[in-house]
Amino acid sequence: MDIVELIPSLRPIVAAIDELEERHGRTFLVGGAVRDTIIGAEAIDLDLAIEGAGIDFARDLAATLGGLATPYGDFGTATVAFAQGSFDVASTRSELYASQGALPTVEPAGIDEDLLRRDFTMNAMAVALDSAERGLLIDPLDGEADIASGTVRVIHDASFADDPTRIVRAARYEARFRFGLDSHSEALARSSVKAGHVSKLSATRIGSELSILSREETGIEGFARLDELGAARALHPSLDFAPVAIADMKSAEALNERLGAGAQAWRLRLAVATRAFEPTERIRWLDSLQLARPDVDVIDRAAGSAPELNARSVEAVSLFDLHQALTGEPLEAVVIALAAADTTTSGREKLGSFLTTLRHVNLTVTGDDLAKLGLAESPAVGRVLNRLQQKKLDGEFATVAEELEAARELIRSGEFN
Ligand code: CTP
């Protein structure tokens, strides 16, 4: 298999490396792109490693490609962006973990050592990019055989203890590729959890791995696996990836798809997973995952509002009441309320009809239009808009012109002043 040939986005980069040949060390494609190409999947993120100064190399490559190199971190790492895409560059290095869960001490090293510092055998492969040895697969731990047998295997026994975020990564890879940890690696993961390594991790470090997992197509299976490994409660005592929560995530997601409700699956998942949190603790923990503020707000609302939204829907006596009761709520919150609603109350049907139909029935006419029709800014504006919304929900308008005409009539009648 010629991995370099199989990745079209590498072509301009390899051509640029050829132009630079005199000025840098041995260069490799490493990690996920090699793994994915061997698996037969598309390589999306390209990571290059160089036995030399990564940032200088990235700058030279960027200049040759007409792009820009942006250095980051302390490990000779940079991102190169150019017209046809972007890729990361790093200096090959070894890592020494002085204490468990802390960040490692880093030293420059050759490619072999660089591969040995990595998480799993399937991620510890490199392909040479320099013309002299281009396409050569460096696979010191036989990651290729582990890929063939569908095995997620740690490279050494201290791997999870050194970096417990790898337990979340293992669950992600198992779920994504339908692979399984080999029994020794699994035993190591379980004893690392038991030894408290996961609980000692900072939320920021675990946060980025958890948020990547929650956005994967097979993220729910990954959550279930973390529960099975005993890691979920170690991540946070209130975090719920237990079978009932997993089933609820699946039904919320299925409802969302069936109704075309427009909620984001990953936010639904995290809302279910955090529903047992005490509210201020939930916000604190979600914030520590480094999610964007609007995502935190939506997940928090969706996690904590099901009974309230259900009650509001049950109480609504008209379509207008129902529309008012739920408009402005995150779709994730309405989907979760629906998934949790008791089938014997009217809440279920009403929440469903809001998601499928009512949420789309919104006025085209605005307060500005009413002003143009002569209605000055006043409480009457809100009253006219509400009346129009009611009529719209009752199916009285087929066109914008009809909405405007009704607005004109209502204003003329003067009954809302
Ligand atoms: N890595 C590691 N331990 C971690 C994180 C990363 O050993 N806790 C190594 C792995 O070799 C991994 C590489 O760093 O292949 C790059 O990490 P990342 O970008 O997270 O993963 P990818 O391999 O690119 O794969 P994916 O994004 O598909 O997970």
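Visitor: Which domains does the domain assignment of the chain give?
Guide: This is a predicted model; local features need pLDDT of at least 70, side-chain atom pairs count only at pLDDT 80 or more, and totals for chains, interfaces and linings use all residues. Residues are numbered from 1 along each chain as its sequence is written, and side-chain values use heavy atoms, with hydrogens and water left out. Domain bounds come from an automatic or database domain assignment. That assignment gives domain 1 (8–149), domain 2 (152–234) and domain 3 (367–413).

Visitor: How far apart do the C-alpha centres of domain 1 and domain 3 lie?
Guide: Each of these domains has a C-alpha centre. The distance between the two centres is 62 Å.

Visitor: Between which domains does the ligand lie?
Guide: Look at where the shell residues come from. Two domains both give residues to the shell, so the ligand lies between them: domain 1 (8–149) and domain 2 (152–234).

Visitor: How many residues surround the ligand?
Guide: A residue is near the ligand if one of its heavy atoms lies within 4 Å of it. R35, D119, D163, R169 and R172 are the closest. The full count is 14 residues.

Visitor: Which helix supplies the largest share of the shell around the ligand?
Guide: Helices are DSSP runs (H or I, at least four residues), numbered from the N terminus. Helix 3 (32–39) and helix 8 (165–177) each supply at least two shell residues. The largest share is six residues, and it comes from helix 8.

Visitor: Which ligand atom is 2.7 Å from the side chain of D163?
Guide: A polar contact here is a pair of N or O atoms within 3.5 Å. On the protein side, the atom is an N or O in the D163 side chain. Its partner in the ligand is a nitrogen atom.

How values were computed:
A polar contact is a pair of N or O atoms within 3.5 Å; within protein, one must be able to donate a hydrogen and the other to accept it, and residues adjacent in sequence count only if both atoms are side-chain atoms.
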